[in-house]
Amino acid sequence: MGSGLSVRLYDASGHDREAELRPGMAKGLRSHQLLWIDLTGREPAILMAVTAAVGLDASQAERLTHVPAAVDLTQYADHIHLVLDAMEIPPEEAPASAAKKPELVPFSVVPVSRPLDIVAGRNWVLTVHDEPLEAMRRVDTANEGETRLGALDAGDFVAGVADEVLVGYFALIERVEQEIDALDELALRHRPDNHFLTRIVAVRRRISLIRRTLAPHRAAFAAFARPEMELHKELGRPWPGLTERLERSLDSVENLRDLLLGTFDIHMGRAAQDANEVMKVLTLLSAILLPSVVLAGVMGMNFQLSFFDDPNNFWWVIAAMVAFGVLMLGFARWRHWL
């Protein structure tokens with residue numbers, strides 16, 4: 001779709017087409033038509049023209065010029081205003097090679113939250129956002145060509161846009177799952193470096209960011225099921241499955257936390273295994289040298305024995321030390337300690 005202004009008229013009994021923006025054009029829409037106006041940017045002059053086309057007053061245009069502070073659903077007499085938070089990773093920061101090589105996964109990349117205003121009235125929907133959104137591109141791509149979207153109510157189209165926003169969250173969740181799998185592979189195949197815990201903390205913060213951004217949508221989506229939505233019969237009741245989809249996405253985020261805890265357990269298990277390997281080597285080395293230490297201590301006692309009068313016995317003592325060491329190594333091999 002790109003940046004700028006897009007005006008598309010869906011006609012169930014005719015041809016879907018790009019339309020020219022003009023004041024009051026929404027008033028002439030018929031029951032089998034649906035007008036979608038998508039605006040990238042919040043220039044006041046363009047917003048005034050857009051709101052005039054769908055019959056909104058100047059105060060509504062003024063509200064759209066400001067970036068919304070929170071997710072919200074506001075109901076007016078003849079239209080609704082829904083604010084969502086779309087979250088996605090810029091395509092240039094998501095290299096395809098990261099999925100093939102775990103070492104290339106960009107753990108430092110942080111998802112970007114981008115507010116989306118959705119205003120809907122009888123047979124028309126207006127979407128406003130500051131930058132191009134992948135969710136809007138998916139909506140536009142899915143509805144190319146001749147469609148029957150004109151037969152939909154505005155509420156159904158709003159539900160479709162909201163569902164595409166949730167699809168973006170599911171894509172983020174899948175990406176974090178891949179990064180956690182990459183961390184698991186790193187922990188299992190390689191000795192974790194000093195930055196491994198830093199990466200776990202980075203993924204943990206990203207999971208928390210996704211959940212904090214996604215959770216406020218509960219109140220807005222739950223408002224679709226409240227009785228007062230019945231008053232907007234001309235808009236149509238949005239798809240009730242939105243709330244279920246939202247809960248599934250939140251459950252998926254919680255599952256990410258469990259997966260990351262599993263990654264930490266793998267890391268700690270690998271660290272404990274490495275510590276055990278070191279202790280095993282040190283213990284075996286001590287066991288090999290212990291007979292030699294004991295023998296050297298005995299030979300160092302100040303007793304006047306004839307054994308000490310022969311210098312050649314020194315080599316017998318050395319040979320005994322080496323023999324004890326070889327016997328200990330052989331015993332360790334036999335017991336599979338090595």
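Visitor: Which side chain does Asp117 meet in a salt bridge?
Guide: The side chain of Arg42, with N and O 2.8 Å apart. A salt bridge here is a side-chain nitrogen of Lys or Arg within 4 Å of a carboxyl oxygen of Asp or Glu. This is a predicted model, in which local features need pLDDT of at least 70 and side-chain atom pairs count only at pLDDT 80 or more, while totals for chains, interfaces and linings use all residues. Residues are numbered from 1 along each chain as its sequence is written, and side-chain values use heavy atoms, with hydrogens and water left out.

Visitor: Where do Asp117 and Arg42 lie?
Guide: Asp117 is in strand β6, and Arg42 is in the loop between β3 and α1 (44-54), so their salt bridge ties together parts that are 75 residues apart in sequence. Helices (H or I, at least four residues) and strands (E, at least two) are DSSP runs, numbered from the N terminus.

Visitor: Is Asp117 buried or exposed?
Guide: Asp117 is buried, at a relative accessible area of 2%. Arg42 counts as buried too, at 10%. Buried means under 20% relative accessible area, exposed over 50%, and partly exposed in between (1.4 Å probe, protein chains only).

Visitor: How many salt bridges does a search of the whole structure find?
Guide: It finds 15. One of them joins Arg138 and Glu164, whose closest N and O atoms are 2.8 Å apart. That one links helix α3, which holds Arg138, to helix α4, which holds Glu164, across 26 residues. Glu164 is buried, at 18% relative accessibility.

Visitor: What about Glu179 and Arg175?
Guide: They form a salt bridge as well, with closest N and O atoms 3.5 Å apart. Both lie in α4, four residues apart, about one turn of the helix. In general, an α-helix has 3.6 residues a turn, so residues three or four places apart point the same way. Glu179 and Arg175 are both buried. Elsewhere, salt bridges with shared partners join Arg8, Glu18 and Asp140 into one network.

Visitor: New topic. How many aromatic pairs are there?
Guide: Two. The rule takes rings of Phe, Tyr and Trp (its six-membered ring) whose centres lie within 6.5 Å; planes under 30 degrees apart count as stacked, over 60 as edge-to-face and the rest as tilted. Tyr10 and Phe157 have ring centres 6.2 Å apart and planes at 40 degrees, so this pair is tilted. Because Tyr10 lies in strand β1 (residues 5-11) and Phe157 in helix α4 (residues 154-189), the pair ties together parts 147 residues apart in sequence. Tyr10 is buried at 0% relative accessibility, and Phe157 is buried at 4%.

Visitor: And what do Trp36 and Phe157 form?
Guide: They form a tilted pair, 5.3 Å centre to centre with 55 degrees between the planes. Trp36 sits in strand β3 (residues 33-40), 121 residues from Phe157. Ring pairs thus link Tyr10, Trp36 and Phe157 into a cluster.

Visitor: How many residues has the largest nonpolar core?
Guide: 51, and those with the most contacts inside it include Leu82, Ile118, Phe157 and Ile207. A nonpolar core is a set of buried Ala, Val, Leu, Ile, Met, Phe, Trp, Tyr and Cys residues joined through side-chain atoms within 4.5 Å. Helix α4 gives the most to this core, with 16 residues. Another core lies apart from it and has 18 residues, among them Val7, Leu39, Ala53 and Val128.

Visitor: What is Ile207 in contact with?
Guide: Leaving aside neighbours within four places in sequence, Ile207 is in contact (heavy atoms within 4.5 Å) with Val176, Ile180, Val253, Leu256, Arg257 and Leu260.

Visitor: Which residues of α3 are buried?
Guide: Ala135, Met136, Val139 and Asp140. They cover an arc of only 135 degrees around the axis, which puts them on the same side of α3. The arc is that of the directions from the helix axis to the C-beta atoms. The elements covering these residues include β1, β3, β5 and α4.

Visitor: Back to β6. How many of the 10 residues of β6 are buried?
Guide: Eight, so β6 is largely enclosed by the rest of the structure. It pairs with β5 in the antiparallel sense over nine bridges, and with β7 in the antiparallel sense over six. Two strands pair if DSSP finds at least two bridges between them. Ile80 has Ala120 in β6 as its bridge partner, and Ile118 has Thr127 in β7.

Visitor: What lies between β6 and β7 in the hairpin?
Guide: Two residues lie between the strands, and Asn123 in this hairpin takes a positive phi near 65 degrees.
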